Amino acid sequence: MIENLNNLERTHSCGALRKENVGQRVTLMGWCARRRDFGPLTFIDLRDRDAITQIVVNQEKAEQAHAKAKEVRGEYVVAAIGEIVLRDENSINPKLATGEVEVQASEIIILNDARPLPFQLDASDNTLASEDLRLKYRYLDLRRSQLQANLRLRHRMILEINRYMDEQGFTHIETPNLIKSTPEGARDYIVPSRVQPGKFFALPQSPQIFKQICMIAGMDKYYQIARCFRDEDLRADRQPEFSQLDVEMSFATTDQIYRLVEGLFARIFKLIGVELQTPFPRFTFAEMMRRFGSDKPDLRIEGMELQDFSEALAETTFAPYASVLSAKGEIKGLVVGGGATMSRKVLDELQEFAKRYGASALAWIKLGDEVTSSLLKALGHDTVVDLAGIAGAQKGDAVLIVAAKSDVVAASLGALRNEIAKREKLIPEGVYAPLWVTEFPMFEYHEDDDRYYSMHHPFTSPMDEDVPVFERAVNGETELFGQIRAKAYDAVINGVEVAGGSIRIHRRDVQALVFKALGMTEEMARARFGFFLDALAYGTPPHGGIASGIERTLMVLVPTENIRDVMAFPKTASAQDLMIDAPGEVDQKQLAELHLKIVE
């Protein structure tokens, strides 16, 4: 029978009781994680967000409470009133914080019942249920202790961010969530306007322009925990809506921003008992791509740096390699320590893995008792041995080689480095390797539409020494676009980009040049960013900033490789909310009010 709470108040959480509380009379409330019957004794593991406390109901001492306990099933909401007693020595549970005590209940109150669950909430936090099922019943999945701990850590992290930013003299300013669509980069989520028929707002991909306007407005130091929206294809570390710490400073140098962020991350990592070493080492984008094939390398992985064979094979007659080099591609590889024992099955699996990143094939050399290689027939024994020597491979090692366009070589070998390290358990636990990646290219070329895009965003300043090159590129020497570096920087920890930013353009003429470089006519730039170009003309101070993903950072702290583990209500890989069945259809009346029509 379900009863009312009335004026009953709980006295403790289910994780608060210890030996020192023995003899106290308490009232606990929570969910039944498990019930066990032993004749005259019934045990209930009572769970709340803090922990579990064992409730024991003795029929001889509390007959009515014992009868009530027999009615309790899994996930029933229960109140237990009774006295704290020590457990017998042989029944102490060292896995529980409350494992030395139990509550001898004199009264059990059933506050609500529960249907049989669609999946089991295991005490060990493991579940065999599919992720889609758990997302459909997210309110049940969130009862798992690990997810609750993740969300409490998220709360503590945001609290620490607010304290730190206040100490550093920043002002929290909220920026609009209904803004103008500026189709450059990821796709916008657009929102139709009812009162302005045929016109649309967009949800912000970031508060970029608004935080720069705060600098023009003289706010000097701005920050915000901002909600951002991007209509893009999802991966394990991306969601259509997410939170980021957004920061902007007037008169800022890169060194000031580095120190600010390093101090913040040092504070945040103390939440998990880690002393993060500062200052972070700094590397240029060019060096990271050359050494690791990635602009977010995991420096916990020792070795396996990329080796360039392009020069050594410049005169090769092996057609696939000669073709790659004539097209200005690259031939690179990496050394896998002890890899000579890799089976053909493993090598085939790694080849399929590399193909996901555009590689057409993965060649290999194994230095066992004899030198074996997939390239022996094509290149000959001596050349294969020379390549292994160039790579610095020793007996017992393997060399994996990719020949392709530069970006494909980098992507495939960079991903292989991480994959092999995971397979071979080469990544030490409890180690944190932060770094800064600096001097990103200002632009990146997209072959599909034969044009350049901003690598970060169009408000990033070029390096001072590259401005003359930039002007030449805009005025017709387009081949120079690839040489222009930006005052852009990313903070990376354990292979995860946790923050990214730049020094911004504060001159109207330079900003207009960037828009021109991106293929915008003056009319297009005026239509999309006229208000911003006008604002730049009214005494804009030099300024810069950074944004740090709240979820990305939590993924490192927890740690987890799935962003959904650190969000309360995430969406699936197809951007659906299975719990509330969104996105959904709207009725014709709503569409008519918005002057919209669905086209089949």
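**Exercise 1.** In which crossing, left-handed or right-handed, does H4 pass H16?

*Solution.* First, the ground rules. This is a predicted model, where local features need pLDDT of at least 70, side-chain atom pairs count only at pLDDT 80 or more, and totals for chains, interfaces and linings use all residues. Residues are numbered from 1 along each chain as its sequence is written, and side-chain values use heavy atoms, with hydrogens and water left out.

Step 1. Locate the helices. Helices (H or I, at least four residues) and strands (E, at least two) are DSSP runs numbered from the N terminus. H4 covers residues 145-167 and H16 covers residues 550-557.

Step 2. Take the axes. They come within 11 Å and cross at roughly 120 degrees. Axes are lines fitted to C-alpha atoms, for helices over the stretch in contact; angles run from 0 to 180 degrees between N-to-C directions.

Step 3. Classify the angle. H4 and H16 are therefore oblique to each other. The cut-offs: under 35 degrees is roughly parallel, over 145 roughly antiparallel, 65 to 115 roughly perpendicular, and the rest oblique.

Step 4. Assign the hand. H4 passes H16 in a right-handed crossing. A crossing is left-handed if the near helix is turned anticlockwise from the far one by less than a right angle, and right-handed if clockwise.

Step 5. List the contact (heavy atoms within 4.5 Å). H4 brings Asn150, Leu153, Arg154, Met157, Ile158 and Ile161, while H16 brings Ile550, Glu551, Thr553, Leu554 and Leu557. These residues of the H4 contact with H16 split into 7 nonpolar, 2 polar and 2 charged. Here Ala, Val, Leu, Ile, Met, Phe, Trp, Tyr, Cys and Pro count as nonpolar, Asp, Glu, Lys and Arg as charged, and the others, Gly among them, as polar.

**Exercise 2.** Describe how H15 packs with H5 and with H14.

*Solution.* Step 1. Start with H5 (residues 208-216) and H15 (residues 522-536): their axes come within 10 Å and cross at roughly 25 degrees. That makes H5 roughly parallel to H15. The crossing is left-handed.

Step 2. Find the partners. Ile209, Gln212, Ile213 and Ile216 in H5 meet Phe529, Phe531, Phe532, Ala535 and Leu536 in H15. By class, the H5 contact with H15 has 8 nonpolar, 1 polar and no charged residues.

Step 3. Turn to H14 (residues 508-517). H14 and H15 pack at about 165 degrees, with their axes 10 Å apart. That makes H14 roughly antiparallel to H15. Their crossing is right-handed.

Step 4. Read off this contact. Arg508, Gln511, Ala512 and Phe515 come from H14; Ala525, Arg526, Phe529, Phe532, Leu533, Asp534 and Leu536 come from H15. The classes are 7 nonpolar, 1 polar and 3 charged.

**Exercise 3.** Which residues line the largest cavity?

*Solution.* Step 1. Name the residues. The lining is Leu245, Val247, Leu260, Val261, Leu264, Phe265, Ala499, Ile546 and Ser548. On a 1 Å grid over the protein atoms alone, a cavity is a set of points where a 1.4 Å probe fits but cannot get out; lining residues have an atom within 4 Å of a point.

Step 2. Assign elements. Strand E10 (241-250), helix H6 (254-269) and strand E22 (543-549) each supply at least two lining residues. H6 gives the most, with 4 residues.

Step 3. Sort by class. The lining has 8 nonpolar, 1 polar and no charged residues.

**Exercise 4.** Where do the cis bonds to proline 559 and proline 583 lie?

*Solution.* Step 1. Check omega. From valine 558 to proline 559 the peptide bond is cis, with omega near -15 degrees. From alanine 582 to proline 583 it is cis, with omega near 0 degrees.

Step 2. Place the prolines. Proline 559 is in the loop between H16 and helix H17 (588-593). Proline 583 is in the loop between H16 and H17.

Key: On a 1 Å grid over the protein atoms alone, a cavity is a set of points where a 1.4 Å probe fits but cannot get out, and a pocket is an open set with protein on both sides within 12 Å along at least five of seven lines; lining residues have an atom within 4 Å of a point.
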